[in-house]
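Me: I should like to learn how to read a structure of this kind. Could we go through its features one at a time?

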Protein chains: 2
Amino acid sequence: MALAKASKQRRPTVPLPSGGGQRGGLRERKKQKTRESIQRAALRLFEKQGYEETTIEQVAAAAEISPSTFFNYFPTKEDVVLYDAYDPVAIRMFLERPKGEPLEVGLREVLKNLAALFERDERMILARGRFFFEVPALRARLWDELEGAQLLILEMLAKRTGRSPDDFELRVAARVVTAAILEASKEWMQSNGRHGLADLANRALAVVASGARLQAPTRAKPRTRRRS
Amino acid sequence: MALAKASKQRRPTVPLPSGGGQRGGLRERKKQKTRESIQRAALRLFEKQGYEETTIEQVAAAAEISPSTFFNYFPTKEDVVLYDAYDPVAIRMFLERPKGEPLEVGLREVLKNLAALFERDERMILARGRFFFEVPALRARLWDELEGAQLLILEMLAKRTGRSPDDFELRVAARVVTAAILEASKEWMQSNGRHGLADLANRALAVVASGARLQAPTRAKPRTRRRS
DNA sequence: CTTGATTTTTGGAGTCACTCCGACTTTACT
DNA sequence: AGTAAAGTCGGAGTGACTCCAAAAATCAAG
């Protein structure tokens, strides 16, 4: 079956700065800086002219590098938007949760901490977020990238329950939890940060815990309703 | 904000044959046939040489049309694989479920009926399935396309519960259910149809209903275990 | 500070998906 | 048959991305 070579394996996403944000030789540090500088330039252009309407050439010019060099830093145009310097931090946070702790608690805590971290450059994060949901190509990539998150959660669940990560039911559970958190993030981004990320995640996880069984109109309980 | 035009709106996916599979003028019927013939030619080539390794030119040649014409039938290369003649059938099935029926029951029934329908060209369906999970570009598109399914389920849930489709909790529920079914389909495809689609869907929905709360190793209860 | 090895940057040539469009052919209808 | 609509095709782009080899910057030693 020719499927093996069918994918031309998308070369691994931008290498995450293995450390928490300060690792690696001076060499690597500089590369990191350039990468972020390119990203900034790109996002600025995308916001001004739109994603599709901006060419790599323009981004390269704005970042004062050659188009060739752009591809040294990001394998595809999409990756400039995808790239998130916080990712490794989040992953590490998650992995370092105490072994015995119930999954949801861990998730809630991580999300809470992240939300706090985000306050720094929330503006940029939210801007990126909007792209994800408005540019088809990015939206698709994001979904796919989520697979990684799901795997993390799966591992965690496997450890907690003593089941194998191959267990079908376990995989369903992991995917379901991931989906819930995704919807929370989406709401967060689309509401432009008005609703707290931690809050939304809590509510989403509550829905999961209740077996997604929603009773009649709860119309009378206007929760964190703000404006329409 | 330039976001509005940021997406160059991916022109709508291949128009679904509005009817259940037999509607439209003679004109349209012929188009449909051509479309399916192109798809067959394409899938055959993809299987033989791999997706990325096959050019549109080759597909066009195999289907005895010009490359230009290819794009008359499918907006992108991905869509040749994505296109599913059964989609409209499935959607219609789902929409025609009795109003009062609980969502899960409806889902189970639809899935069961579909599974039965699939027996016809299961081989091709499964082949397509494998592409989805092995070719990054297709995987991503599929995730995104799932958004449509989620919307359907959301509508249905809204009707059932009397809540608004904007309700955050409802959206989470819809996404969670969709995720469960996705995992079931994925398992189905990856197991090459060994486990029944309807079975898997049932088990997945059960996990959701239980609040995704899995107890310790259930190793001792081998369920619908078949071979392994 | 010089030299040679090692990265990094860059330009150029090429592939491929996809767009735009005008010319040409087929089909449907009177 | 005659005409309008729909479908097909070819050619000339554009832009993302690959491959490669030649410059240029960086670094390590002597």
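**Reading the surfaces, the contact and the symmetry**

Reply: Let us begin with the surface around one DNA strand, bearing in mind that this is a predicted model. Around DNA strand D there are 18 residues, and those that come nearest are A:T76, A:K77, B:S66, B:S68 and B:T69. Two or more residues of this surface come from each of α1 (26-49), α2 (56-63) and α3 (67-73) of chain A, and likewise from α1 (26-49) and α3 (67-73) of chain B.

Me: How do the residues of the surface near DNA strand D divide into nonpolar, polar and charged?

Reply: The surface near DNA strand D has five nonpolar, eight polar and five charged residues.

Me: Which residues come nearest to DNA strand C?

Reply: They are A:S66, A:S68, A:T69, B:T76 and B:K77, out of 18 residues around that strand. At least two residues each are supplied by α1 and α3 of chain A and by α1, α2 (56-63) and α3 of chain B. The surface near DNA strand C comprises five nonpolar, eight polar and five charged residues.

Me: How many residues does each chain bring to the contact between chain A and chain B?

Reply: Chain A brings 50 residues and chain B brings 50 residues. On the side of chain B, the elements giving two or more residues are α1, α7 (122-134), α8 (136-161), α9 (168-190) and α10 (197-209). The most come from α9(B), with 14 residues. By class, this side of chain B holds 25 nonpolar, seven polar and 18 charged residues.

Me: How should one describe two packed helices?

Reply: One gives the angle between their axes and the distance between the axes. Here, the axes of α9(B) and α10(B) come within 8 Å and cross at roughly 145°, and the crossing is right-handed. Among the residues that make this contact are B:V176, B:A180 and B:W188 of α9(B), together with B:L197, B:L200 and B:V208 of α10(B). The contact of α9(B) with α10(B) has 13 nonpolar residues, no polar ones and two charged ones.

Me: What turn and what shift lay chain B on chain A?

Reply: A turn of 180° with a shift of 0.0 Å along the axis lays chain B on chain A with an RMSD of 0.1 Å. The two copies are therefore related as by a two-fold rotation axis. The residue of chain B closest to this axis is B:G211, whose C-alpha lies at 1.9 Å.

Me: Why can one say that the copies meet through the same surface?

Reply: One can say so because 100% of the interface residues of chain B are also interface residues in chain A.

Key: Residues numbered from 1 in each chain as written. Chains lettered and ligands numbered in written order. Predicted model: local features only at pLDDT ≥ 70, side-chain atom pairs only at ≥ 80, totals over all residues. Near = placed C-beta within 6 Å. Helix = DSSP H or I, 4+ residues; strand = E, 2+ residues; numbered from the N terminus. Nonpolar A, V, L, I, M, F, W, Y, C, P; charged D, E, K, R; others polar. Contact = placed C-beta atoms within 7 Å. Axes fitted to C-alpha atoms, helices over the stretch in contact; angles between N-to-C directions. Left-handed = near helix turned anticlockwise from the far one by under 90°. Least-squares fit on C-alpha atoms with pLDDT ≥ 70 in both.
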